[in-house]
Amino acid sequence: MADFSLAELESIIHQRAHSGDPDSWTAKLFAKGMDKAAQKFGEEAVETVIAAVRADKKALVSESADLVYHWLVVLGIAGVPLDDVLKELEARTGRSGIAEKTSRPKA
C-alpha cells in the first residue's frame, strides 16, 4: 500500500464520478455539485483539527484520509488537476514560506 499515490486516488475519483453508480458516494457528491462537496471538505477539515488537538493519532489518520479524499473531489468538480497543485507546491520549495507569503498580493 505504500506505493498508493494521490494521483491514483485522483484517477479513481474521476472514474467513479462519471460512473453513474447509484451506490457511489463519489458519484453522488459530483451530482450534488460544489456546494455539497465543499461543505463536506470543510466538515472533514474541522474533524481533522479536532483529532489533532486531542492528540488522537488514530482519528487523525482517519480524518486526514477523509480530508484528502474530499479535497480531491472539490478539485475534480472545479476542474483543477492535482498536478496543478503539485506544480504550485514545487514552485514554492525554492523560497522560504515567509518570503512566499509576503510576495502574495494583498487582498
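Mentor: Partly exposed means a relative accessible area between the buried limit, under 20%, and the exposed limit, over 50%. The model is predicted.

Trainee: At 37% relative accessibility, what does E88 count as?

Mentor: Buried would need a value under 20%, and exposed one over 50%. E88 has 37% relative accessibility, so E88 counts as partly exposed.

Trainee: Which residue forms a salt bridge with E88?

Mentor: The partner lies in helix α5 with E88, four residues apart, about one turn of the helix. The closest N and O atoms of the pair are 2.9 Å apart. The partner is partly exposed, with a relative accessible area of 29%. The residue is R92.

Trainee: How far apart are the closest N and O atoms of D83 and K87?

Mentor: D83 and K87 both belong to helix α5 (residues 82–92), with their positions four residues apart, about one turn. D83 counts as partly exposed at 40% relative accessibility. K87 is partly exposed too, at 49%. Their salt bridge has its closest N and O atoms at a separation of 3.2 Å.

Trainee: How many salt bridges does the structure hold?

Mentor: Among them are D83 with K87 and E88 with R92. K40 also forms one with E43, with 3.1 Å between the closest N and O atoms. K40 and E43 are three residues apart in helix α3, so about one helical turn separates them. The count is three.

Trainee: Is K40 buried or exposed?

Mentor: The cut-off for buried is under 20% relative accessible area. K40 has 16%, so K40 counts as buried.

Trainee: Which side chain of opposite charge is nearest to E63?

Mentor: E63 lies in helix α4 (residues 57–78). Beyond its neighbours within four places in sequence, E63 is in contact with E44, E47 and T48. E63 is buried yet has no salt bridge. The nearest side chain of opposite charge is 8.5 Å away, and it is K40.

Trainee: What arc do the buried residues of α2 cover around the axis?

Mentor: Helix α2 (residues 25–32) has T26, A27, L29 and F30 as its buried residues. They sit on the same side of α2, because their arc around the axis is only 160°.

Trainee: Which helices do those buried residues pack against?

Mentor: The face of α2 turned away from the buried side carries exposed A31 and K32. The protein chain has six helices and zero strands. The buried residues of α2 pack against α1 (6–17), α3 (34–53) and α4.

Key: Residues are numbered from 1 along each chain as its sequence is written. This is a predicted model: local features need pLDDT of at least 70, side-chain atom pairs count only at pLDDT 80 or more; totals for chains, interfaces and linings use all residues. Side-chain values use heavy atoms; hydrogens and water are left out. Helices (H or I, at least four residues) and strands (E, at least two) are DSSP runs, numbered from the N terminus. Buried means under 20% relative accessible area, exposed over 50%, partly exposed in between (1.4 Å probe, protein chains only). Lys and Arg count as positive and Asp and Glu as negative; His and the chain ends are not counted. A salt bridge is a side-chain nitrogen of Lys or Arg within 4 Å of a carboxyl oxygen of Asp or Glu. Contact means heavy atoms within 4.5 Å. The arc is that of the directions from the helix axis to the C-beta atoms.
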